Amino acid sequence: MREKTRIFQLNTKQAINLYHTVKDLVPDNQNFIFEAYSGVGAISLLLKDKAKEIVGVEVIADAVNNANLNAKNN
């Protein structure tokens with residue numbers, strides 16, 4: 001049985017700084033935002049009010065499943 005991959009940003013203070021910086025840099029009223037290496041979709045969710053459509057791309061199946069669940073719940 002394949003072990004599930006789990007990734008967590010250990011430096012949470014810096015992650016919060018990064019997320020706020022990204023949110024401040026992205027203008028409002030975008031048509032489309034593309035998030036590469038999106039993981040569980042945290043940045044996409046953070047930017048959800050800034051674009052009509054957001055697409056995240058991730059190759060780790062568990063992260064994609066979590067991102068879809070996060071999008072549904074948030």
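Ser44 counts as buried, because its relative accessibility is 16% and the cut-off for that word is under 20%. Keep in mind as you look that this is a predicted model. You will find Ser44 in helix 2. Setting aside neighbours within four places in sequence, Ser44 has contacts with Glu35 and Ile54. With Glu35 there is something extra to spot: the two side chains make a polar contact at 2.4 Å.

Now follow the chain out of helix 2, which covers residues 42-46, into the loop that leads to strand 2 (51-57); Lys50 sits in this loop. Is Lys50 buried or exposed? Its relative accessibility is 11%, so Lys50 counts as buried. To see what surrounds it, leave out residues up to four places away in sequence: Lys50 then touches Lys23, Val26, Pro27, Asp28, Asn29 and Gln30. Two of these partners deserve a second look. The side chain of Lys50 reaches the backbone oxygen of Val26 at 2.7 Å. Asp28, for its part, is 22 residues from Lys50 in sequence, yet their C-alpha atoms are 4.6 Å apart in space.

Finally, turn to strand 1, which spans residues 30-36 and holds Phe32. Phe32 has 43% relative accessibility, so it counts as partly exposed; that label belongs to values between the under 20% of buried and the over 50% of exposed. Which residues join Phe32 in a nonpolar patch on the surface? They are Phe34 and Val57, and together the three have about 290 Å² of accessible area.

Note on methods
Residues numbered from 1 in each chain as written. Predicted model: local features only at pLDDT ≥ 70, side-chain atom pairs only at ≥ 80, totals over all residues. Heavy atoms only, no water. Patch = residues over 30% accessible without salt bridge, like charges linked within 9 Å, V, L, I, M, F, W, Y side chains within 5 Å. Areas by Shrake-Rupley, 256 points an atom, 1.4 Å probe, with all protein chains shown as cover. Salt bridge = Lys/Arg side-chain N within 4 Å of Asp/Glu carboxyl O. Helix = DSSP H or I, 4+ residues; strand = E, 2+ residues; numbered from the N terminus. Buried < 20%, exposed > 50% of the residue type's maximum accessible area, 1.4 Å probe, protein only. Contact = heavy atoms within 4.5 Å. Polar contact = N/O pair within 3.5 Å; in protein donor to acceptor, adjacent residues only side chain to side chain.
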